[in-house]
Amino acid sequence: MPFWLWLVDSLVLIVLLFLVPIVGLMVRRRVLARSGGTFDMSINRNVAGISKGWTLGLAVYRENHLEWFRTFSLSLRPRYRFERGDVQIEGRREPDSDEVHALHDGHLIVGTENAAGVRQFAMSANALTGLLSWLESAPPGQRVNNVV
């Protein structure tokens, strides 16, 4: 086989190695968003004031919990699962100068207390309103008023 055919085959293989994960990420996001109730939400396990540690992700509402998936992962399992009665939201703020580059444009940061150990959420104002409404609208018998 001539050298140029080896070169073409190699280039096709390299392109496929880069394209397959990208297509996989797009298909995964479609599958997760198919059920509805999804929004972009970044998380940080560090305390407020530390701009390192932000991870981009996608949150999906389920009946009594919120599932969080990393954006750049092919896993169909959630990385974190936040139970409705165990999540407390505390205040909100704009991203500081270093955080602006790590988060989606227009996202707000809220402090949180939960069993998973995540200390901050970042999401759009509309998504925050939806999250607060979801937290406060727990079925009878569950703990509510977790919004400070």
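## A first walk through the structure

Strand β3 is largely enclosed by the rest of the structure, because four of its five residues are buried. That makes it a handy place to begin a tour of this model, which is a predicted one.

**The sheet around β3**

Strand β3 belongs to an open sheet of four strands, ordered β1-β3-β4-β5 and paired in the antiparallel sense. At the edges stand β1 (38–40) and β5, each with a single partner strand, so one side of each has no neighbour in the sheet. On average, neighbouring strands here are turned by 25 degrees against each other, direction ignored.

On one flank, β3 (residues 57–61) pairs with β1 over three antiparallel bridges. Two residues of this pairing are easy to find: Asp40 has Leu58 in β3 as its bridge partner, and Phe39 stands opposite Ala59 in β3. Strand β3 is also joined to β4, by five bridges, and these two strands run antiparallel. Look for Gly57 opposite Arg70 in β4. A hairpin of three residues carries the chain from β3 to β4.

What lies across this sheet? Helix α2 lies across β1, β3, β4 and β5, running at about 35 degrees to β3.

**The other sheet**

A further open sheet of four strands follows the order β2-β8-β7-β6, with antiparallel pairing. Its edge strands are β2 (42–44) and β6 (88–93); each has a single partner strand, so one side of each is left without a neighbour in the sheet. From one strand to the next, the twist averages 25 degrees. Strands β2 and β8 run antiparallel and are joined by three bridges, and Ser42 has Ala122 in β8 as its bridge partner.

**The nonpolar core**

In soluble globular proteins, nonpolar side chains tend to be buried together. The largest nonpolar core of this model has 21 residues, and the members that touch the most others are Met41, Leu66, Phe82, Ile89, Phe121, Met123 and Leu131. Which elements give two or more residues to this core? They are β4 (65–70), β5 (80–83), β7 (108–113), β8 (120–123) and α2 (125–136). Helix α2 gives the most, with six residues.

**Aromatic rings**

Searching the whole structure turns up five aromatic pairs. Two of them are set side by side here.

| Pair | Arrangement | Centre to centre | Angle between planes |
|---|---|---|---|
| Tyr80 and Phe82 | stacked | 6.1 Å | 25 degrees |
| Phe82 and Phe121 | edge-to-face | 5.2 Å | 70 degrees |

The pair of Phe82 and Phe121 links distant parts of the chain: Phe82 sits in strand β5 and Phe121 in strand β8, 39 residues apart. Both of these phenylalanines are buried, and Tyr80 is buried as well. Ring pairs link Tyr80, Phe82 and Phe121, together with Trp68, into a cluster. Tyr80 has a charged companion too: Arg79 lies over the face of its ring, at 5.3 Å from the ring centre.

**Two residues to look at closely**

Now turn to His107 and Leu108. His107 lies in the loop between β6 and β7, while the place of Leu108 is in strand β7.

Are they buried or exposed? His107 counts as buried because its relative accessibility is 6%, under the 20% cut-off. Leu108 has a relative accessible area of 12%, so by that cut-off it is buried too.

Which residues does His107 touch, leaving aside its neighbours within four places in sequence? His107 is in contact with Asp40, Pro95, Ala122, Met123 and Ser124. Asp40 and Ala122 have already appeared on this tour: Asp40 as the bridge partner of Leu58, and Ala122 as the bridge partner of Ser42.

Leu108, not counting residues up to four places away in sequence, touches Arg92, Arg93, Glu94, Phe121, Ala122, Met123, Ala125 and Leu128. Among these contacts are Phe121 and Met123, which are named with the core members that touch the most others. Glu94 is also worth finding: its C-alpha atom and that of Leu108 are separated by 5.2 Å, although the two residues are 14 residues apart along the chain.

Conventions: Residues numbered from 1 in each chain as written. Predicted model: local features only at pLDDT ≥ 70, side-chain atom pairs only at ≥ 80, totals over all residues. Heavy atoms only, no water. Core = buried A, V, L, I, M, F, W, Y, C linked by side-chain atoms within 4.5 Å. Buried < 20%, exposed > 50% of the residue type's maximum accessible area, 1.4 Å probe, protein only. Phe/Tyr/Trp six-rings, centres within 6.5 Å; stacked < 30°, edge-to-face > 60°. Lys NZ or Arg CZ within 6 Å of the ring centre and 35° of its normal. Pairing = 2+ DSSP bridges. Axes fitted to C-alpha atoms, helices over the stretch in contact; angles between N-to-C directions. Contact = heavy atoms within 4.5 Å.
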